[in-house]
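Open your viewer and keep the selection box handy. We will go from stop to stop, picking out residues and saying what is there.

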Amino acid sequence: LIFLKGITVAAATRVPRWMEPNRLEPYDAVKLAFLLSGGGEFAFVVLALAEKLEVLPKDLGGLLTAIVLITMAVTPLLGIAASAVSNNYIFDQNSHEFDGD
């Protein structure tokens with residue numbers, strides 16, 4: 001879940017500048033991809049409704065709920081990782097800027 005959502009959010013933030021002149025800078029896009037990659041509270045509503053309407057078997061609903069809980073619990077760690085990765089990205093960009101001067 002975290003990997004797929006992270007890739008999707010990262011791809012969504014990398015639209016060409018001519019299509020979206022106000023797009024996020026790469027280091028902000030990295031932070032956003034990390035922080036939004038976990039599950040959210042709305043998943044509980046959707047899963048509960050799916051179980052109530054018998055769209056999902058109870059076992060699968062329980063497993064999916066556990067996955068969402070785990071990804072929500074990992075979100076603070078993803079925040080730490082997002083800061084580390086984006087800070088490295090800023091450092092890399094700044095070092096390339098100074099190389100060209």
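Start by selecting glutamate 54, which sits in the loop between helix H3 (42–52) and H4; helices here are DSSP runs of H or I with at least four residues, strands are E runs of at least two, and both are numbered from the N terminus. Before going on, note that this is a predicted model, in which local features need pLDDT of at least 70 and side-chain atom pairs count only at pLDDT 80 or more, while totals for chains, interfaces and linings use all residues. Residues are numbered from 1 along each chain as its sequence is written, and side-chain values use heavy atoms, with hydrogens and water left out.

Now check the backbone of glutamate 54: its phi is near 60°, a positive value in a residue other than glycine. Most residues other than glycine have a negative phi. The positive value comes just after H3. Is glutamate 54 buried or exposed? Its relative accessible area of 69% makes glutamate 54 exposed, where exposed means over 50%, buried under 20%, and partly exposed in between (1.4 Å probe, protein chains only).

Step back into H3 and select Leu47, Ala50 and Glu51, which are buried. Looking down the axis of H3, you will find these buried residues within an arc of 100°, so they line one face of the helix; the arc is that of the directions from the helix axis to the C-beta atoms. An α-helix has 3.6 residues a turn, so residues three or four places apart point the same way. Then turn H3 around: the face away from its buried side carries the exposed residues Phe42, Val45 and Lys52.

Next, go to H2 (residues 26–35) and select Pro26, Ala29, Val30 and Ala33, which are buried. They span an arc of only 105° around the axis, which puts them on the same side of H2.

Keep Val30 in view and add serine 86, a residue of helix H4 (residues 58–99). What does serine 86 touch, leaving out residues up to four places away in sequence? The partners are Tyr27, Val30 and Lys31, with contact meaning heavy atoms within 4.5 Å. Serine 86 counts as buried, at 0% relative accessibility.

Show polar contacts for serine 86 too (pairs of N or O atoms within 3.5 Å; within protein, one must be able to donate a hydrogen and the other to accept it, and residues adjacent in sequence count only if both atoms are side-chain atoms). The serine 86 side chain reaches the backbone oxygen of alanine 82 at 2.8 Å. That side chain of serine 86 also reaches the backbone oxygen of serine 83, at 3.3 Å.

Follow the first of these to alanine 82, which lies in helix H4 as well. With 1% relative accessibility, alanine 82 counts as buried. Leaving aside neighbours within four places in sequence, alanine 82 is in contact with Lys31 and Phe34. Try a distance label from alanine 82 to leucine 35: they are 47 residues apart along the chain, and their C-alpha atoms are separated by 7.1 Å.

From alanine 33 in H2, move on to isoleucine 7. How far apart are the two, C-alpha to C-alpha? The label should read 7.2 Å, for residues 26 apart in sequence. Isoleucine 7 belongs to helix H1 (residues 2–12) and is partly exposed, with a relative accessible area of 47%. Add Phe3 and Leu4 to the selection: with Ile7 they form a nonpolar patch on the surface, with about 360 Å² of accessible area together. Patches are made of residues with over 30% relative accessible area and no salt bridge (a side-chain nitrogen of Lys or Arg within 4 Å of a carboxyl oxygen of Asp or Glu); like charges are joined within 9 Å and nonpolar side chains (Val, Leu, Ile, Met, Phe, Trp, Tyr) within 5 Å.

Finally, zoom out to the whole protein. You should see four helices and zero strands. Of the 101 residues, 21% are buried.

Terms used. Accessible areas come from the Shrake-Rupley method with a 1.4 Å probe; for residues, only the protein chains shown count as cover.
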